[in-house]
Amino acid sequence: MKRSALLVTFVLLAIGSAFAQKADDILGTYMSHDRDGRFEVYRDGNLFQGVMVWSEKEPAKQGSIVLRNLRYNADRNEYTGKIFDTRFNKEYNVRVKVEPDGNLKVSPWWGPVKMNFIWPRTTTTT
């Protein structure tokens with residue numbers, strides 16, 4: 001009986017660990033699709049946030065939270081939340097997916113309009 005309980009506990013811990021590892025695939029630094037900004041994605045409890053760490057065109061906006069409250073959906077292997085457009089000071093719904101090459105596919109939408117951008121993963125943070 002104790003052996004069964006221990007096995008069940010181990011399996012549940014392994015599943016939880018695998019889920020956390022998959023969700024954490026988004027962690028890292030990315031260049032914007034137009035190459036004028038860098039963003040660092042970090043974990044904030046069960047959510048993920050993306051902060052602007054460098055901007056060529058908008059240095060005053062550095063430190064802005066651009067990807068907000070991303071929640072990981074394991075069934076769809078994607079994140080949903082909000083994206084803040086610093087140029088127009090507007091917030092939109094967004095879907096984010098980590099591509100097999102490690103880049104982010106960022107898909108904001110409003111109403112029937114949907115766009116897709118690729119944010120390349122980078123190792124540079126400044």
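# Questions on a predicted chain

Me: In this predicted model, does Arg87 count as buried, partly exposed or exposed?
Reply: The model is predicted, and the computed relative accessibility of Arg87 is 42%. Buried would require a value under 20% and exposed one over 50%, so at 42% the class that applies to Arg87 is partly exposed.

Me: With which residue do the side chains of Arg87 meet in a salt bridge at 2.3 Å, N to O?
Reply: The salt bridge of Arg87 at 2.3 Å, N to O, is made with Asp36. Arg87 sits in the loop between S5 and S6 and its partner in the loop between S1 and S2, so the pair ties together parts of the chain that are 51 residues apart in sequence. At 7% relative accessibility the partner counts as buried, whereas Arg87 counts as partly exposed; the residue asked for is Asp36.

Me: How many residues apart are Asp36 and Lys57, which link distant parts of the chain?
Reply: The side chains of Asp36 and Lys57 meet in a salt bridge of 3.6 Å, N to O. Asp36 belongs to the loop between S1 and S2 and Lys57 to the loop between S3 and S4, so that the pair links distant parts of the chain. Lys57 is exposed, with a relative accessible area of 58%, while Asp36 counts as buried at 7%. The separation of the two in sequence is 21 residues.

Me: Which residue, besides Asp36, Lys57 and Arg87, is linked into the network of salt bridges?
Reply: By the rule applied here, the salt bridges come to eight, and among them are those that Asp36 makes with Lys57 and with Arg87. The network that holds Asp36, Lys57 and Arg87 has a further member, and the side chain of this member also makes a polar contact of 2.7 Å with the side chain of Ser32. That member is Asp34.

Me: What is the distance of the polar contact that joins the side chains of Ser32 and Asp36?
Reply: Ser32 lies in the loop between strand S1 (28-31) and S2, and it is buried, with a relative accessible area of 4%. Setting aside residues up to four places away in sequence, Ser32 touches Gly37, Phe39, Trp119 and Pro120. The side chain of Ser32 makes a polar contact with that of Asp34 at 2.7 Å, and the polar contact that joins it to the side chain of Asp36 is 3.2 Å.

Me: How far apart are the closest N and O atoms of the salt bridge between Asp25 and Lys22?
Reply: Asp25 is partly exposed, with a relative accessible area of 33%, and Lys22 is likewise partly exposed, with 40%. The two form a salt bridge, for which the cut-off is 4 Å, and the separation of their closest N and O atoms is 3.8 Å.

Me: Which residue, with Ile26, touches the most other members of the largest nonpolar core?
Reply: The largest nonpolar core has 20 residues, and Ile26 is one of the two that touch the most other members. Two or more residues of this core come from each of strands S2 (37-44), S3 (47-55), S4 (65-73), S5 (78-85), S6 (90-98) and S7 (104-110). Apart from residues up to four places away in sequence, Ile26 touches Val41, Phe48, Leu70, Tyr79, Val96, Val98 and Leu104. The other of the two residues that touch the most members is Leu104.

Me: Near what value is phi of Asn89, a residue other than glycine?
Reply: Most residues other than glycine have a negative phi. Arg35, in the loop between S1 and S2, instead has a positive phi near 65°. Asn89 is placed in the loop between S5 and S6, and its phi, again positive, is near 50°.

Me: About what area has the nonpolar surface patch made by Trp110, Val113 and Met115?
Reply: Met115 is found in the loop between strand S8 (113-114) and strand S9 (117-119), and it is partly exposed, with a relative accessible area of 35%. For the chain, the accessible surface comes to about 8,000 Å², of which 55% belongs to carbon and sulfur atoms. The nonpolar patch that Met115 makes with Trp110 and Val113 has an area of about 240 Å².

Me: What percentage of the 126 residues of the chain count as buried?
Reply: The chain has one helix and 10 strands, and the helix stands ahead of the strands when the elements are read from the N terminus. Of the contacts with a separation of 6 or more, 29% are between residues 24 or more positions apart. Of the 126 residues, the share that counts as buried is 34%.

Conventions. Residues numbered from 1 in each chain as written. Predicted model: local features only at pLDDT ≥ 70, side-chain atom pairs only at ≥ 80, totals over all residues. Heavy atoms only, no water. Core = buried A, V, L, I, M, F, W, Y, C linked by side-chain atoms within 4.5 Å. Buried < 20%, exposed > 50% of the residue type's maximum accessible area, 1.4 Å probe, protein only. Helix = DSSP H or I, 4+ residues; strand = E, 2+ residues; numbered from the N terminus. Contact = heavy atoms within 4.5 Å. Patch = residues over 30% accessible without salt bridge, like charges linked within 9 Å, V, L, I, M, F, W, Y side chains within 5 Å. Areas by Shrake-Rupley, 256 points an atom, 1.4 Å probe, with all protein chains shown as cover. Polar contact = N/O pair within 3.5 Å; in protein donor to acceptor, adjacent residues only side chain to side chain.
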